[in-house]
Amino acid sequence: MSLTFTLDPAVTPALRDGILDLWTDVSNAGGAVGFVPPVTREEIRPELVRKFAAMADGSRRLLVGHDEDGRVAATAFLTFNSHRLMTHWIWLYTVMVHPRHQGKGYGRDLLTAAERAARTFDGIEAIRLTCRGGLGLERFYGSCGYKEVGRIPAAIRVAPDDDRDDVIMLLPLG
């Protein structure tokens, strides 16, 4: 089966809870999505609320993938730049696929759906994302067409004496 993707779904309690469950499970499985394990839904909730607020003001869009059982299985947030000299590209944040779906190609499907969505936004010429070094993520994103365009050594501290590179990736849409 494949995922069913929706751009800008209605924010319901079920969606909120599904994203909280996804984000918690991904984080606790070691996913590089802004937290380090162990983490709880309640620790993640304020960050999700901030993302929902940005959706309400139009600066952020949500892409959700649901599995065949209707559960939230994947997400990505597409964020517009507010700086007037950078409005021609968007950020891709919080790219997640539930651990139970790893290895099924859903990550690639999510990135394809994000690219497809970005192509519908007026004036958008590229997608930019960052990823945590040391996990092989840059190879995955590279296999999906993204190019590494920068790297900030030791910019991410996941624990004392465990610093990771912040890898900057870009997908031109032209």
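**From helix H1 to the nonpolar cores**

In this predicted model, helix H1 covers residues 13-28, and its 16 residues should span 22 Å at 1.5 Å a residue; the end C-alpha atoms are 22 Å apart, so the expected and computed lengths agree. After H1 comes Gly30, which has a positive phi, near 100 degrees.

Several residues of H1 are buried, including Leu15, Ile19, Leu22, Trp23 and Val26. The buried residues of this helix pack against helix H2 (41-56) and against three strands, S2 (60-66), S3 (72-80) and S4.

Strand S4 (89-97) leads into a loop that ends at helix H3 (106-118), and His98 lies in that loop. Is His98 buried or exposed? Its relative accessibility is 8%, and because buried means under 20%, His98 counts as buried. Leaving aside neighbours within four places in sequence, His98 is in contact with Leu22, Asp25, Val26 and Ala73. A polar atom of the His98 side chain also lies 3.0 Å from the backbone nitrogen of Arg100.

The next topic is the nonpolar residues. In soluble globular proteins, nonpolar side chains tend to be buried together. Here the largest nonpolar core has 28 residues, and Leu78, Leu92, Ile127 and Tyr146 have the most contacts inside it. Two or more residues of this core come from each of S3, S4, H3, strand S5 (126-132) and strand S7 (162-172). H3 gives the largest share, seven residues. Leu92 shows what such contacts look like: beyond its neighbours within four places in sequence, its partners include Leu78, Leu111, Ala114, Ile127 and Tyr146. Apart from this core lies another, of 18 residues, among them Ile19, Val26, Phe35 and Leu48.

Technical notes. Residues are numbered from 1 along each chain as its sequence is written. This is a predicted model: local features need pLDDT of at least 70, side-chain atom pairs count only at pLDDT 80 or more; totals for chains, interfaces and linings use all residues. Side-chain values use heavy atoms; hydrogens and water are left out. Helices (H or I, at least four residues) and strands (E, at least two) are DSSP runs, numbered from the N terminus. Buried means under 20% relative accessible area, exposed over 50%, partly exposed in between (1.4 Å probe, protein chains only). A polar contact is a pair of N or O atoms within 3.5 Å; within protein, one must be able to donate a hydrogen and the other to accept it, and residues adjacent in sequence count only if both atoms are side-chain atoms. Contact means heavy atoms within 4.5 Å. The expected span of a helix is 1.5 Å times one less than its number of residues. A nonpolar core is a set of buried Ala, Val, Leu, Ile, Met, Phe, Trp, Tyr and Cys residues joined through side-chain atoms within 4.5 Å.
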